[in-house]
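Trainee: I have a model open and would like to talk through its hollows and its helix packing; could you take me through it?
Mentor: Gladly, let us put it on the screen and begin.

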Amino acid sequence: MSDLRLRPMTLADLPLGLSLCREAGWNQTEADWRRFLALEPTGCFVAEAAGEPGGTVTTCVFGSVAWIAMVLVAERLRGQGVGTALLRHALAYLDARGVATVRLDATSLGQPLYERLGFLPEYRVTRWGGVPPVDQATTEVLPYGTEHLPGMTALDREATGTDRGKLLARLTEELPAATWCTLDQGEVTGYVVTRPGANAAQIGPCVARNEAEGRALLNQALAARAGEPVIVDVPADHAAATALVQAAGLTPQRDFVRMYRGEPVSDHVEMMWASSGPEMG
């Protein structure tokens, strides 16, 4: 596309991001877009065609690992290479940052494009959705306190192979009352965060060292959102988490394929009861 221009995204582009999300039926809110820009101010980009903005992509760098997300193109511009141009621009930015690994969650439609750009599949993540019942409450978890953040970050790093401390710091700053932990002799052994969405509340990330804690945390998050639509992104091979959300009345909505480019990351899927969503794993 000869008149295509790629530029950094700013807060002035929030209406564009929200408009593209609504057009695509995606769940992100203004708070999500503000978080993307806060976490990676120079790594979110807009595509303009003939001077009119019509596409986005976001990145987030966590040390040696980065994520790409929010590849959105206005319907009027689809099929003209805009998405590919945005992805190549994001990859060039991340290559310049010297990251060893780039990850993303791909839909079945997007997977062939990502493979052409050097991404390899890792495992499947299933999105579950529905309205949880009111009988999921638990007394085995604790409300979040700022003293829990270092332990949450260390546990998350153990589970994901990535230092997502800046993401957890931002989420807990925004949503302290929607975050819960489990402790063993003062050590954080699990946590869960929930956040509002345009279509449904997102449950996740949820990380736990053992099954009892994972069940307690996910049940707490479901109880907190009882009676309202929720979505939960669960690694497809995580049998216990899958059984729990299914028992809560949630049903499969769609699948993503977690992919990587560069060096593989050694994560522990058995500790990951829910992803934070496709934006940052």
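**Cavities, pocket and helix contacts**

Mentor: The second largest cavity is lined by Trp67, Arg103, Thr160, Thr162, Arg164, Arg258, Asp267, Met272, Met280 and Gly281. Please keep in mind throughout that this is a predicted model.

Trainee: What volume does the second largest cavity have, and how does its lining divide by class?
Mentor: Its volume is about 60 Å³, and the lining of the second largest cavity divides into 3 nonpolar, 3 polar and 4 charged residues.

Trainee: How many cavities of 30 Å³ or more does a search of the whole structure find?
Mentor: The search finds 3 cavities of that volume or more, and the largest of them has a volume of about 70 Å³.

Trainee: Which residues line the largest cavity?
Mentor: The lining is made of Asp32, Arg35, Phe36, Leu167, Leu171, Arg195, Ser276, Glu279 and Met280. Two elements, α2 (30–39) and α6 (165–174), give two or more residues to that lining, and the largest share, 3 residues, comes from α2. Met280 is listed for the largest cavity and is also listed for the second largest cavity.

Trainee: And by class, how do the residues lining the largest cavity divide?
Mentor: They divide into 4 nonpolar, 1 polar and 4 charged residues.

Trainee: You mentioned α2 and α6, so let me follow that up: at what angle do their axes cross?
Mentor: The axes of α2 and α6 cross at roughly 140° and come within 11 Å. That angle makes α2 oblique to α6, and the crossing of the two helices is right-handed.

Trainee: Which residues meet there?
Mentor: From α2, the residues are Ala31, Arg34, Arg35, Ala38 and Leu39, and they meet Lys166, Leu167, Arg170, Leu171 and Glu174 in α6. By class, this contact has 5 nonpolar, no polar and 5 charged residues. If you look back at the largest cavity, you will find Arg35, Leu167 and Leu171 in its lining, and these three residues also belong to the contact of α2 with α6.

Trainee: What about α5 and α6, how do they cross?
Mentor: Helix α5 (residues 149–160) and α6 have axes that come within 9 Å and cross at roughly 135°, which makes α5 oblique to α6. Here α5 passes α6 in a right-handed crossing. The contact is made by Leu149, Met152, Thr153 and Asp156 of α5, together with Gly165, Leu168, Ala169 and Thr172 of α6, and by class it has 4 nonpolar, 3 polar and 1 charged residues.

Trainee: And α7 with α8: roughly parallel or roughly antiparallel?
Mentor: Helix α7 (residues 211–224) and helix α8 (residues 239–247) pack at an angle of about 30°, with their axes 11 Å apart, and they are therefore roughly parallel to each other. In this pair, α7 passes α8 in a right-handed crossing. Glu211, Arg215, Leu218, Asn219 and Leu222 of α7 make the contact with Ala240, Ala241, Leu244 and Val245 of α8, and by class it has 6 nonpolar, 1 polar and 2 charged residues.

Trainee: Changing topic, what volume does the largest pocket have?
Mentor: The largest pocket has a volume of about 990 Å³. It is lined by 40 residues, and those closest to its centre are Trp26, Val71, Leu72, Thr107 and Tyr114.

Trainee: Which elements supply at least two residues of that lining?
Mentor: They are β4 (65–73), α3 (82–97), β5 (101–106), α4 (111–116) and β12 (251–262), with the largest share, 6 residues, coming from β4. By class, the lining of the largest pocket divides into 21 nonpolar, 12 polar and 7 charged residues.

Trainee: Now some backbone details: is the peptide bond from Gly204 to Pro205 cis or trans?
Mentor: That peptide bond is cis, with omega near 10°, and Pro205 has its place in strand β10 (residues 201–208).

Trainee: One last thing, is the phi of Ala50 positive or negative?
Mentor: Ala50 has a positive phi of about 55°, although it is not a glycine, and Ala50 is found in the loop between β2 (45–49) and β3 (52–62).

Technical notes:
Residues numbered from 1 in each chain as written. Predicted model: local features only at pLDDT ≥ 70, side-chain atom pairs only at ≥ 80, totals over all residues. Heavy atoms only, no water. Axes fitted to C-alpha atoms, helices over the stretch in contact; angles between N-to-C directions. Helix = DSSP H or I, 4+ residues; strand = E, 2+ residues; numbered from the N terminus. Parallel < 35°, antiparallel > 145°, perpendicular 65-115°, else oblique. Left-handed = near helix turned anticlockwise from the far one by under 90°. Contact = heavy atoms within 4.5 Å. Nonpolar A, V, L, I, M, F, W, Y, C, P; charged D, E, K, R; others polar. 1 Å grid on protein atoms, 1.4 Å probe; cavity = no way out; pocket = protein on both sides within 12 Å on 5 of 7 lines; lining within 4 Å. Points joined across faces, edges and corners; volume = space filled by probe spheres on them.
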